[in-house]
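This report goes through one protein chain, part by part. Please look at the sequence and the structure before reading on.

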Amino acid sequence: MTEKAEPAPRAGRKPITSRAEVEHVAFELFATRGFDRTTIDDIAKAAGIGRRTFFRYFPSKNDIAWGDFDGQLDKMRKRLASYPPDRPLPGVLREALVDFNRVDPDEAVWHRQRMELILTTPALQAHSTLRYADWRQVIAEFVAERLGVAASALAPQTVAYTALGIALAAYEQWLRDPRADLADLMAAGVDQLTAALT
């Protein structure tokens with residue numbers, strides 16, 4: 001059986017050539033139709049690409065909201081490994097949290113839509129739980145190495161869960177206040193926790 005040729009790009013729209021462009025098309029559809037009522041076929045058609053091309057960018061519709069999450073995790077892992085071992089842990093985690101969540105100003109509007117989807121769409125919650133676990137694991141492994149314990153031990157897991165809590169609290173504040181600076185909120189969350197515990 002021969003595969004169908006991919007459709008020609010929709011008139012009036014230049015061909016989609018990047019993951020970010022597919023994301024933007026999908027976010028527009030999610031905003032107008034809702035996440036649940038938007039299909040992969042809808043996204044592919046609006047982007048002027050075929051299903052095969054869509055799946056080269058994303059394993060599933062749920063992954064659109066997370067963008068290049070795995071790539072970002074790899075960067076965070078390398079960034080954490082680059083810190084000298086004598087750097088105090090709170091400062092390292094503060095910088096890593098801010099750096100991981102840094103948003104290009106040109107992408108801020110899209111990132112707000114991304115986080116609104118992740119935090120408020122019931123259909124994404126199970127998928128988000130898996131992504132949060134991957135993120136926490138990177139933090140836990142780094143803390144475990146610093147402390148000389150297993151990543152599954154209580155201390156690394158506590159730090160990892162706490163760091164995720166700070167990030168989610170910062171995002172909720174950021175989504176409520178369009179004037180808020182996300183990096184400042186992330187840094188303030190770590191600072192406030194550190195101050196409360198010392």
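## Helix 6

Helix 6 is made of 13 residues, and the distance from its first C-alpha to its last is 18 Å. That is close to the 18 Å expected for a helix at 1.5 Å a residue. The model described here is a predicted one.

Which residues of helix 6 are buried? They are Trp110, His111, Arg112, Arg114, Met115, Leu117 and Ile118. An α-helix has 3.6 residues a turn, so residues three or four places apart point the same way. The buried residues of helix 6 pack against helix 1 (19-33) and helix 7 (125-147). They also pack against helix 8 (154-176) and helix 9 (182-197).

## The loop before helix 6

Helix 5 (89-100) and helix 6 (108-120) are joined by a loop, and Pro105 is found in this loop. Is Pro105 buried or exposed? Its relative accessibility is 70%, and the cut-off for exposed is over 50%, so Pro105 counts as exposed.

Pro105 and Ala123 are 18 residues apart along the chain. Their C-alpha atoms are separated by 28 Å.

## Arg131 in helix 7

Arg131 lies in helix 7, one of the helices that the buried residues of helix 6 pack against. The relative accessible area of Arg131 is 10%. Buried means under 20%, so Arg131 is buried.

What does Arg131 touch, if residues up to four places away in sequence are not counted? The residues are Asp63, Trp66, Phe69 and Asp70.

## The annotated region

In an unreviewed entry, UniProt lists residues 39-58 as "DNA-binding region". In the model, the chain over residues 39-58 is 75% helix and 0% strand. The C-alpha atoms at the two ends of this stretch are 13 Å apart.

## The chain as a whole

The protein chain has 9 helices and 0 strands. Along the sequence, its pattern reads α-α-α-α-α-α-α-α-α. Its C-alpha atoms fill a box of roughly 60 × 40 × 30 Å, taken along the principal axes.

Of the 198 residues in the protein chain, 39% are buried. Among contacts with a separation of 6 or more, 65% are between residues 24 or more positions apart.

The protein chain exposes about 11,300 Å², and carbon and sulfur atoms supply 56% of that area. The chain has 26 positive and 27 negative charges, and the mean positions of the two groups are 4 Å apart.

Definitions and conventions:
Residues are numbered from 1 along each chain as its sequence is written. This is a predicted model: local features need pLDDT of at least 70, side-chain atom pairs count only at pLDDT 80 or more; totals for chains, interfaces and linings use all residues. Side-chain values use heavy atoms; hydrogens and water are left out. UniProt positions are given in the numbering used here, feature names are shortened, and annotations may be inferred rather than shown by experiment. Helices (H or I, at least four residues) and strands (E, at least two) are DSSP runs, numbered from the N terminus. Buried means under 20% relative accessible area, exposed over 50%, partly exposed in between (1.4 Å probe, protein chains only). Contact means heavy atoms within 4.5 Å. Accessible areas come from the Shrake-Rupley method with a 1.4 Å probe; for residues, only the protein chains shown count as cover. Lys and Arg count as positive and Asp and Glu as negative; His and the chain ends are not counted. The place of a charge is taken as NZ of Lys, CZ of Arg, CG of Asp or CD of Glu. The expected span of a helix is 1.5 Å times one less than its number of residues.
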